[in-house]
Amino acid sequence: MCTGITPFRNHGSDQMTLFKGIVRGDFRISPLAATNNDLLILLKRILVTKPQYRLGNLAGGAMDIKNMAWLKDVDFFKLSNKIYRAPWIPVIKDAMDVTAFKSWDHIPAKEAGDEEEDRRFLTAEKQMLFAKLRIHTTD
């Protein structure tokens with residue numbers, strides 16, 4: 001959000017691949033964000049995969065995040081009470097109107113047989129692990 005580039009951008013637009021990258025902690029911080037040391041420290045301490053080491057999940061809780069140097073000018077009272085004004089409010093026709101937001105049409109669909117796409121499916125060997133699983137339905 002700081003640079004307009006997600007740290008997980010290398011995983012493309014496929015939601016499952018993106019989630020896997022997040023779970024693995026596979027991220028790359030934008031060079032633009034890396035120029036601000038306070039922001040870099042905040043990002044590296046928040047983007048920790050193990051919750052027991054993640055900023056905000058330690059003894060100080062949310063205060064650990066609020067006390068970070070990069071957030072020193074944020075008035076969290078104003079933020080939580082919605083006193084800050086949004087710098088831009090898009091004009092929309094209805095709840096489904098996305099015309100004010102970036103189009104994803106330029107991203108090509110995955111080709112059939114794409115190795116990355118195929119990794120989302122279970123192999124025959126892994127499917128056998130579920131062969132004896134009984135699914136109960138109400139039908």
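How much area does the protein chain expose, and what share of it do carbon and sulfur atoms supply? The exposed area is about 12,100 Å², and carbon and sulfur atoms supply 59% of it. The model is predicted. Two residues of one loop, Asp97 and Ile92, get a closer look below.

**Overall fold**
- The protein chain has 7 helices and 0 strands.
- Read from the N terminus, its elements run α-α-α-α-α-α-α.
- Of the 139 residues in the protein chain, 12% are buried.
- Take the contacts between residues at least 6 apart in sequence: 34% of them join residues at least 24 apart.

**Asp97**
- Asp97 sits in the loop between α5 and α6.
- Asp97 is buried but forms no salt bridge.
- Lys93 offers the nearest side chain of opposite charge, at 4.6 Å. A salt bridge requires the charged atoms to be within 4 Å.
- A polar atom of the Asp97 side chain does lie 2.8 Å from the backbone nitrogen of Lys93.
- The side chains of Asp97 and Thr99 share a polar contact of 2.7 Å.
- Leaving out residues up to four places away in sequence, Asp97 touches Val91 and Ile92.

**Ile92 and the nonpolar patch**
- Ile92 belongs to the loop between α5 (76-80) and α6 (115-118).
- Its relative accessibility is 45%, so Ile92 counts as partly exposed.
- Ile92 joins Trp88, Val98 and Phe101 in a nonpolar surface patch of about 450 Å².
- Ile92 thus appears both in this patch and among the residues that Asp97 touches.

Conventions. Residues are numbered from 1 along each chain as its sequence is written. This is a predicted model: local features need pLDDT of at least 70, side-chain atom pairs count only at pLDDT 80 or more; totals for chains, interfaces and linings use all residues. Side-chain values use heavy atoms; hydrogens and water are left out. Patches are made of residues with over 30% relative accessible area and no salt bridge: like charges are joined within 9 Å, nonpolar side chains (Val, Leu, Ile, Met, Phe, Trp, Tyr) within 5 Å. Accessible areas come from the Shrake-Rupley method with a 1.4 Å probe; for residues, only the protein chains shown count as cover. Helices (H or I, at least four residues) and strands (E, at least two) are DSSP runs, numbered from the N terminus. Buried means under 20% relative accessible area, exposed over 50%, partly exposed in between (1.4 Å probe, protein chains only). Contact means heavy atoms within 4.5 Å. Lys and Arg count as positive and Asp and Glu as negative; His and the chain ends are not counted. A polar contact is a pair of N or O atoms within 3.5 Å; within protein, one must be able to donate a hydrogen and the other to accept it, and residues adjacent in sequence count only if both atoms are side-chain atoms.
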